[in-house]
Amino acid sequence: MLNPRVCAATILKDVLFENKSLAPSIKLANKSQQSNLTKELCFGVCRYYFQLKFILSKLMSKPIKSKEAEVECLLLLGIYELTYLNTAKHAVVSEIVECTKLLNKTWATKLVNAILRNFLRNQADLIGNSLNDITAKYNHPRWLAKKIKLIYPTKWEMILQANNQQAPMILRVNQQKISTAAYLGKLAEQQIAAHLSPASNTAIILETACPIANLPNFADGYCSVQDVNAQLAANFLQLSPGQIVLDACAAPGGKTAHLLETESKLASLVAIDNDSERVKVIHENFLRLQLSATIITADAINLNVWWDKKSFDRILLDAPCSATGVIRRHPDIKLLRQETDINNLVKTQRALIQSLWQTLKLNGLLLYVTCSILPEENAENILWFLQNNTDAKILRLPLSTKHSEIGLQLLPSEFEGDGFYYCLLQKKF
């Protein structure tokens, strides 16, 4: 197996310097080269990047050249491990220095050794100083921290802190195979500590994450890994036997599968996504869960490419978004997302809902969903849509105590889940 720190530095180089997403970068790395430590280091550096970068800048007289990006990644790894993990201090320094040799960066051996030892000597002061900088203190880009503070003046610190926590592992129990209570009993038999969620009758929250291979009957489709707040979609759609249902932007298929697990007697279910690689994951998930649907690779906006003119009773539109509600699961979002992305996303969201509305039957329901906490992508989109479509009205969702006039906004860590927005629209006669 490749040295886990070398592997982590290579993956982080792709994320920090080439703007690649973390999860696919880890997946693309040779599996024989990975370890739990590799993943811990990658996620940890992304989660605390702004503080680590601030500290590193105070330890260096001049920045490292971009062509030596792996050396900077090793230093960030070292500072993260020395600060947040329980590895022996001398072992971390020794291992990171050794990594410079393994990466053929012997010129950096003395530099890396000196910087990490200097950090250890001044660790308390450096960390203390980082708390005086809003970006480093909250580990969010300045634009996003300011934006969240403006939108949520009484909750912004809670949101930023929640984003920096590691999210729990949550299961969705396949009700076609077993009840939630019975599956909780199976977990107990395997000594896997877990508890039921008050928000969804299909959700079980594990006290500690575990490999899916350890989950009882996972290969037989008894459960899937899915956030609790993502599991609300199937219940909100009010499914019934005989309905024709569309899941637009369906990949990787978690909500799609949940629709069929919730109502197995739909007349048909069409699942669309424009990413062919992610569509493959839908097929893989359906094979394990023993489910079937019409799965199409296409842009849902272009109706003439895929729509057969048969109107839908129900539409689930899980629109592409900033993903600002799922940062704790994907901390690289803080590094990759730019403020300028939001306007482009809003244009896509509006084009999708406007186009798909044409395919909905009279009296049918469309559930608009994002994993964003930004009003531009959520309530403001719905207001725009209502102004331009007089045949649409909002229906009240459950969880009424958290319901506004314009949809349901869940924040990160509510019900132990991620940040999601839901709005249920009905096409009026």
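**Salt bridges, a central strand and two cores**

In this predicted model, Arg337 and Asp341 are joined by a salt bridge in which the closest N and O atoms are 3.6 Å apart. Arg337 is partly exposed, since its relative accessible area is 21% and residues count as buried only under 20%. Asp341, at 22% relative accessibility, is likewise partly exposed.

This pair belongs to a wider set, as a search of the whole structure finds 18 salt bridges. Side chains of opposite charge can pair when their charged atoms come close. One of the salt bridges lies within a single helix: the side chains of Lys101 and Glu98 meet at 3.9 Å, N to O. Both residues belong to helix α6 and stand three residues apart, about one turn of the helix. Lys101 has a relative accessible area of 42% and is partly exposed; Glu98, at 34%, is also partly exposed.

The salt bridge between Lys105 and Glu68 has an N to O distance of 2.9 Å. Lys105 is found in the loop between α6 (89-102) and α7 (109-121), and Glu68 in the loop between α4 (49-59) and α5 (69-84), so the pair ties together parts that are 37 residues apart in sequence. Both Lys105 and Glu68 are buried. Elsewhere, a network of salt bridges links Asp227, Arg328, Arg329 and Asp418.

The strands offer a second route into the structure. Strand β9 (residues 360-370) is largely enclosed by the rest of the structure, because eight of its eleven residues are buried. Strand β8 (residues 312-318) pairs with β9 in the parallel sense over six bridges, and Leu317 stands opposite Tyr368 of β9. Strand β12 (residues 420-427) also pairs with β9 over six bridges, here in the antiparallel sense. Within this pairing, Leu367 has Leu424 of β12 as its bridge partner.

Leu367 leads from the strands to the nonpolar interior. In soluble globular proteins, nonpolar side chains tend to be buried together. The largest nonpolar core has 53 residues, and those with the most contacts inside it are Ile148, Leu259, Leu367 and Tyr422. Leaving aside residues up to four places away in sequence, Leu259 touches Ala234, Leu237, Leu239, Val245, Asp247, Leu269 and Leu316. A second core, separate from this one, has 49 residues, among them Ala8, Ala9, Cys42 and Ile79.

Notes. Residues are numbered from 1 along each chain as its sequence is written. This is a predicted model: local features need pLDDT of at least 70, side-chain atom pairs count only at pLDDT 80 or more; totals for chains, interfaces and linings use all residues. Side-chain values use heavy atoms; hydrogens and water are left out. Buried means under 20% relative accessible area, exposed over 50%, partly exposed in between (1.4 Å probe, protein chains only). Helices (H or I, at least four residues) and strands (E, at least two) are DSSP runs, numbered from the N terminus. Two strands pair if DSSP finds at least two bridges between them. A nonpolar core is a set of buried Ala, Val, Leu, Ile, Met, Phe, Trp, Tyr and Cys residues joined through side-chain atoms within 4.5 Å. Contact means heavy atoms within 4.5 Å. A salt bridge is a side-chain nitrogen of Lys or Arg within 4 Å of a carboxyl oxygen of Asp or Glu.
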